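Here are my notes on this model, as numbered points. Please read them with the structure open.

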Amino acid sequence: MKKYLLIIFSCIATLTSCDSWLLEDAPNVTSLDDYYTSGSAAVQNATAAYVPLMWEYGTTYFSEWFIGDIVSDDALKGGQSKGDMSDVYNLENFKSNSDNTLLLEFYRAQWQGISRCNLPLHYIPSMDTDTLMTPKVKERLIGELKYLRALYYFRLVRVFGGVPKITTIIDKSTNWKQPYATAEEIYALIISDLEDANAKLWKKSEYAAKDLGRATKGAAQAMLLKANLYNHNYKAAESWGDSIIASGEYSLVNNYADNFTLAGENGTESVFE
């Protein structure tokens, strides 16, 4: 009898302890709060935010080439027939619908970029600094992310006009449906992000060789010039252009063709590439 009672009591004890056990996190799963605890995590996330800039259409060309050059008559679609890259044909003839794969891939890539900016922008400001992410590096990372978010939104607003304005993390299915903002509201966000980026980013000459290609103060100023130009704020555009020249960070190369070589990447003419 004692033997059976011991087994019963053992089973009851095991079952009552299951409540707390079920509430524990699954093994080998890292929460976001636990992930954003080191400078390396912050740097890696900021670097990942650049990646959608390099996504091509069907691994062929960048979508903006089709949108900017073929639609503007700088180039022709070519090919054997209308069916050869029909999405480009429809763009060229202003017959595109919302299911145009070229536009759809371009649209989605920008939102991937924006979401990759919003996530670290939520966590990095409250992170503790360390040997890798010093206060100066931390500020620079925030500047890089603000610059990139502005660039992704700039790419969207030029093609689509008003789009949703999302500056927070979308982590629930109930938050997926977002209202559209006007083009004016998007440009206001772009300029605000770029002004903040300009205040935080480093000059090009302050970067180590391994970090060349990251957003710089000059890149933010160049985008501020461009965004203000699109908004017909010519005085502001001129002022930002003067700032770039006055920085002394950039100059013309002796041979223009060098800009398009591997050795010429991030050269003296390069503001951001």
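1. Helices H8 and H9 cross with a left-handed sense. The model is a predicted one, and in it the axes of helix H8 (residues 135–160) and H9 come within 8 Å and cross at roughly 155°. Angles over 145 degrees count as roughly antiparallel, so H8 and H9 are roughly antiparallel to each other. On the H8 side, the residues that meet H9 include Glu139, Arg140, Ile142, Gly143, Lys146 and Tyr147, and farther along the list come Arg149, Ala150, Tyr153, Phe154, Val157 and Arg158. H9 contributes Ala183, Ile186, Tyr187, Leu189, Ile190, Asp193, Leu194, Asp196, Ala197 and Lys200.

2. H8 also packs with H10: the two axes come within 11 Å and cross at roughly 30°. Because angles under 35 degrees count as roughly parallel, H8 and H10 are described as roughly parallel to each other. The crossing of this pair is left-handed. From H8, the contact is made by Tyr147, Leu151, Phe154 and Arg158; from H10, by Ala219, Ala220, Met223, Lys226, Ala227 and Tyr230. Tyr147, Phe154 and Arg158 of H8 are also listed among the residues that meet H9.

3. Arg214 deserves a look alongside these helices. Arg214 sits in the loop between helix H9 (183–200) and helix H10 (217–230). Is Arg214 buried or exposed? With a relative accessible area of 11%, Arg214 is buried, since the cut-off for buried is under 20%. Its side chain makes two polar contacts with acidic side chains that I would check: one with Glu144 at 3.0 Å, and one with Asp211 at 3.1 Å. Leaving aside residues up to four places away in sequence, Arg214 touches Val43, Thr47, Tyr50, Arg140, Glu144, Tyr207 and Phe272. Of these, Arg140 is also on the H8 list of residues that meet H9.

4. The axes of H5 and helix H7 (residues 101–123) come within 9 Å and cross at roughly 120°. That angle makes H5 oblique to H7. Here too the crossing is left-handed. The contact is made by Ser63, Glu64, Phe66 and Ile67 of H5, together with Leu102, Leu103 and Phe106 of H7.

5. Lys77 is found in the loop between helix H5 (63–70) and helix H6 (86–92). Lys77 has a relative accessible area of 17% and is therefore buried. What lies 2.7 Å from a polar atom of the Lys77 side chain? The backbone oxygen of Asp84 does. Not counting residues up to four places away in sequence, Lys77 touches Ile70, Asp84, Met85, Val88, Tyr89 and Glu92. The C-alpha atoms of Lys77 and Leu91 are separated by 9.5 Å, with the two positions 14 residues apart along the chain counted as their separation.

6. For the chain as a whole, the secondary structure consists of 11 helices and zero strands. Of its 273 residues, 36% are buried. Among contacts between residues at least 6 apart in sequence, 61% join residues at least 24 apart. The chain exposes about 16,700 Å², and carbon and sulfur atoms supply 57% of that area.

Terms used: Residues are numbered from 1 along each chain as its sequence is written. This is a predicted model: local features need pLDDT of at least 70, side-chain atom pairs count only at pLDDT 80 or more; totals for chains, interfaces and linings use all residues. Side-chain values use heavy atoms; hydrogens and water are left out. Helices (H or I, at least four residues) and strands (E, at least two) are DSSP runs, numbered from the N terminus. Buried means under 20% relative accessible area, exposed over 50%, partly exposed in between (1.4 Å probe, protein chains only). Contact means heavy atoms within 4.5 Å. Accessible areas come from the Shrake-Rupley method with a 1.4 Å probe; for residues, only the protein chains shown count as cover. A polar contact is a pair of N or O atoms within 3.5 Å; within protein, one must be able to donate a hydrogen and the other to accept it, and residues adjacent in sequence count only if both atoms are side-chain atoms. Axes are lines fitted to C-alpha atoms, for helices over the stretch in contact, and angles run from 0 to 180 degrees between N-to-C directions. Angles under 35 degrees count as roughly parallel, over 145 as roughly antiparallel, 65 to 115 as roughly perpendicular and the rest as oblique. A crossing is left-handed if the near helix is turned anticlockwise from the far one by less than a right angle, and right-handed if clockwise.
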